[in-house]
Amino acid sequence: MTVQTSTTRLTVAQALVRFLAAQYTERDGVRQRLIGATWGIFGHGNVAGLGQALVEYADDMPYHQGRNEQSMVHAAVGYARQSNRLSTHAVTTSIGPGATNLVTGAALATINHIPVLLLPGDIFATRPADPVLQQLELPYAGDVSVNDTLRPVSKYFDRVTRPEALVPAALQAMRVLTDPVETGAVTLALPQDVQAEAYDWPDEFFAERTWHVRRPGADPVELAAAVRAVREARRPLIIAGGGVHHSRAEDALAEFAEATGIPVASTQAGKGSLRHDHPQDVGGVGHTGTATADELARTADLVIGVGTRYTDFTTASNTLFTGDGVRFLNLNIASYDGHKLGALPLVADARGGLEELARELGDHKVAAAYAAEYREDKDRWEQRVDAAYEAEEPEARPTQTQVLGALDAIVDESDILINAAGSLPGDLHKLWRARSFDQYHLEYGYSCMGYEIPAALGVKLAAPDRPVWALVGDGTYLMMPTEIVTAVQEGIAIKMLLVQNHGYASIGGLSESVGGERFGTAYRYTADDGTFTGPPLPVDLAANVASLGMRVLRAKTVRELRSALAEARAADVPTCVYVETETADTVSGAPPAQAWWDVPVAETATRASAVKARELYERHVSTRRRHL
């Protein structure tokens with residue numbers, strides 16, 4: 001007997017939109033929509049397919065109009081991160097340059113383990129004409145398109161060349177988006193003719209589905225080994241990574257740290273895991289970390305990594321953890337990261353793993369002398385932060401750290417700060433006093449210039465009642481300011497703090513330290529010798545911001561800056577505070593790096609700066625350790 005199933009005749013694009021609108025996630029009993037909206041820029045690869053479908057089902061799938069394909073992915077990442085990776089956005093583009101513009105954003109999402117769904121148009125599956133506009137021709141492969149550039153930066157990739165293939169592809173895409181280990185960019189490449197093709201879809205395909213986001217517990221053997229390691233340690237140090245936030249393990253970490261007295265340092269992704277004023281918080285760790293955290297790292301006999309990937313900034317290129325017999329214990333939901341640095345692995349959800357550790361450790365606590373030592377060191381560092389923030393002359397032009405001090409004075413726990421690239425990440429990691437677990441939003445897995453403004457849109461969409469700040473340098477601004485237009489169009493009241501320091505300040509400083517003499521890093525006229533050492537360029541970025549429709553407040557002094565920041569914070573329209581700082585080569589204000597970072601220096605050179613830099617490099621690189 002044949003069982004008849006009910007069907008609905010729709011195009012592939014229409015079916016996909018209806019399917020996406022019916023997907024949900026659930027964790028800890030809280031259910032929410034998986035795909036909250038779709039961003040799109042339309043061209044010949046998607047206008048007749050997904051473009052038409054989004055009009056057809058506008059009530060089911062909200063739409064945001066983007067200006068740059070890469071920035072649309074950044075907006076989706078910002079939304080997903082603020083939504084604890086339980087909800088995200090889809091992004092659709094045409095075939096050709098629209099699709100390849102997704103690659104940078106996809107890499108950022110995958111590296112940071114943030115779910116986004118990419119729906120680029122693709123070349124005709126039926127080959128009615130060959131080639132078609134913007135088609136890449138490869139004599140040895142007829143089934144390759146420019147979308148294949150997305151394969152290495154996607155956690156899942158499929159090309160849907162037949163309507164019925166959408167069903168398994170869409171289900172696999174949802175599986176990966178909701179997997180706490182495997183999540184990242186997911187790409188479904190959609191040939192433009194297939195998008196518009198009709199098919200009789202089983203109605204079960206459109207039924208609501210709820211994807212449970214798991215919290216795996218610890219293996220008993222690994223847990224017992226972890227407990228022994230903690231009990232035996234005299235100078236343990238916790239390093240909180242982004243996994244603490246992804247797991248919503250902040251409260252569990254605070255309770256564990258308070259119970260054991262173990263100090264907690266944080267990576268860029270993990271900062272805010274504890275409030276800045278928590279007794280066990282010792283600030284950022286690694287190349288951009290605090291003196292307190294880095295000294296604890298150098299003398300630790302047990303490093304407890306919680307949800308961290310141990311990037312080179314965190315480990316100071318494997319020169320930071322130098323204590324005799326230092327061991328590592330890695331609590332991580334990903335086995336790959338749990339085994340790094342020859343660690344004892346504790347493969348589990350961060351929140352659950354911390355709770356299990358706490359139960360097994362009972363009343364175990366570090367020595368009182370150790371706790372007193374790191375708290376005194378923390379107090380000394382806070383005095384250095386105060387000094388960096390302080391502005392003795394209110395009528396003077398501020399340094400970058402004084403800009404941060406002015407912002408620090410007006411925010412509370414509801415504000416969210418977004419940054420990704422330039423000299424600001426280093427200053428923020430060392431100096432910023434995070435007041436809530438999600439206030440500090442630094443994208444430093446890819447450190448992608450241009451991330452800040454579009455990500456602020458995504459964060460504001462996920463947290464509409466909170467002040468959201470995009471902290472942007474002039475170099476980053478010039479990379480990708482176009483989503484300001486989207487903010488104005490949709491009335492998304494982000495705040496932008498635009499810092500003008502006439503060039504790539506971070507890379508300029510790095511160039512100087514490695515013998516590159518700041519070559520090609522300043523935004524200045526060329527001098528007679530061909531270097532960019534002439535006067536600063538007469539570029540008015542504030543006028544450019546205003547031309548895109550955003551309200552602009554100019555601040556020339558510390559006093560004006562304080563007033564402008566307060567006014568921007570109270571604004572209910574997109575508002576920019578523009579300030580020109582003392583340039584990186586005149587006044588800094590931030591404490592220097594407290595640990596090394598490996599950037600290779602020319603092994604042979606005639607210029608004195610490079611020769612000196614190489615000597616210093618060889619001294620540092622000799623301290624590198626292999627932790628096995």
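**Group meeting: surface, helix H1, salt bridges and ring pairs**

Let me open with Ala 224, which is partly exposed, its relative accessible area being 34%. What we are looking at is a predicted model. Ala 224 belongs to helix H8, which covers residues 220-232. Along the chain, Ala 224 and Leu 357 are 133 residues apart, whereas their C-alpha atoms are separated by 8.9 Å.

I turn now to the surface. Which residues form the negative surface patch? The members are Asp 251, Glu 255, Glu 258 and Glu 355. Helix H10, residues 250-260, gives the most to this patch, with three residues. Glu 258 is located in helix H10, and with a relative accessible area of 43% Glu 258 is partly exposed.

There is also a nonpolar surface patch, of about 240 Å², made by Phe 42, Val 47 and Tyr 63. Tyr 63 is placed in strand S5, residues 63-65. The relative accessibility of Tyr 63 is 32%, so this residue counts as partly exposed.

From the surface I move to helix H1, residues 12-21. Is this helix largely enclosed or largely open to the outside? Nine of its 10 residues are buried, so helix H1 is largely enclosed by the rest of the structure. The buried residues of H1 are Val 12, Ala 13, Gln 14, Ala 15, Leu 16, Val 17, Phe 19, Leu 20 and Ala 21. I ask you to keep Phe 19 in mind for the ring pairs.

Next, the salt bridges. How many does the structure hold? The count is 33. I shall discuss three pairs.

The first pair is Arg 351 with Asp 28, whose closest N and O atoms are 3.3 Å apart. Arg 351 sits in helix H14, residues 350-361, and Asp 28 in the loop between strand S2 (23-27) and strand S3 (30-33), so this salt bridge ties together parts that are 323 residues apart in sequence. Both partners are partly exposed: Arg 351 has a relative accessibility of 25%, and Asp 28 has one of 43%.

In the second pair, the side chains of Glu 182 and Lys 155 form a salt bridge with an N to O distance of 3.4 Å. Here too distant parts of the chain are linked, the two residues being 27 residues apart. Glu 182 lies in the loop between helix H6 (166-177) and strand S9 (185-191), and Lys 155 in the loop between strand S7 (116-122) and strand S8 (156-159). Glu 182 is partly exposed at 35% relative accessibility, and Lys 155 is partly exposed at 33%.

The third pair joins the side chains of Glu 250 and Arg 248, with 2.7 Å from N to O. Is Glu 250 buried or exposed? Its relative accessible area is 6%, so Glu 250 is buried.

Salt bridges that share partners also produce a network, in which Asp 28, Arg 215, Asp 349 and Arg 351 are joined. Two members of this network, Asp 28 and Arg 351, form the salt bridge of 3.3 Å described earlier.

I come finally to the aromatic rings. The whole structure contains 12 aromatic pairs. One of them is formed by Phe 19 and Phe 205: the pair is stacked, with 4.6 Å centre to centre and 10 degrees between the planes. Phe 19 is in helix H1 and Phe 205 in the loop between strand S10 (198-202) and strand S11 (209-212), so the pair ties together parts that are 186 residues apart in sequence. Phe 19 and Phe 205 are both buried.

A further pair consists of Trp 596 and Tyr 617. How are their planes arranged? The planes stand at 55 degrees and the ring centres are 5.6 Å apart, so this pair is tilted. Trp 596 lies in the loop between strand S23 (575-580) and helix H24 (608-621), and Tyr 617 in helix H24, the two being 21 residues apart. Trp 596 is buried, with a relative accessible area of 13%. Tyr 617 is buried as well, at 10%.

To close, I return to Phe 19. Which residues do ring pairs link into a cluster? They are Phe 19, Tyr 199, Trp 201, Phe 205 and Phe 206. Phe 19 is thus a buried residue of helix H1 and a member of this aromatic cluster.

Key
Residues numbered from 1 in each chain as written. Predicted model: local features only at pLDDT ≥ 70, side-chain atom pairs only at ≥ 80, totals over all residues. Heavy atoms only, no water. Patch = residues over 30% accessible without salt bridge, like charges linked within 9 Å, V, L, I, M, F, W, Y side chains within 5 Å. Areas by Shrake-Rupley, 256 points an atom, 1.4 Å probe, with all protein chains shown as cover. Salt bridge = Lys/Arg side-chain N within 4 Å of Asp/Glu carboxyl O. Lys, Arg positive; Asp, Glu negative; His and termini not counted. Charge placed at Lys NZ, Arg CZ, Asp CG, Glu CD. Helix = DSSP H or I, 4+ residues; strand = E, 2+ residues; numbered from the N terminus. Buried < 20%, exposed > 50% of the residue type's maximum accessible area, 1.4 Å probe, protein only. Phe/Tyr/Trp six-rings, centres within 6.5 Å; stacked < 30°, edge-to-face > 60°.
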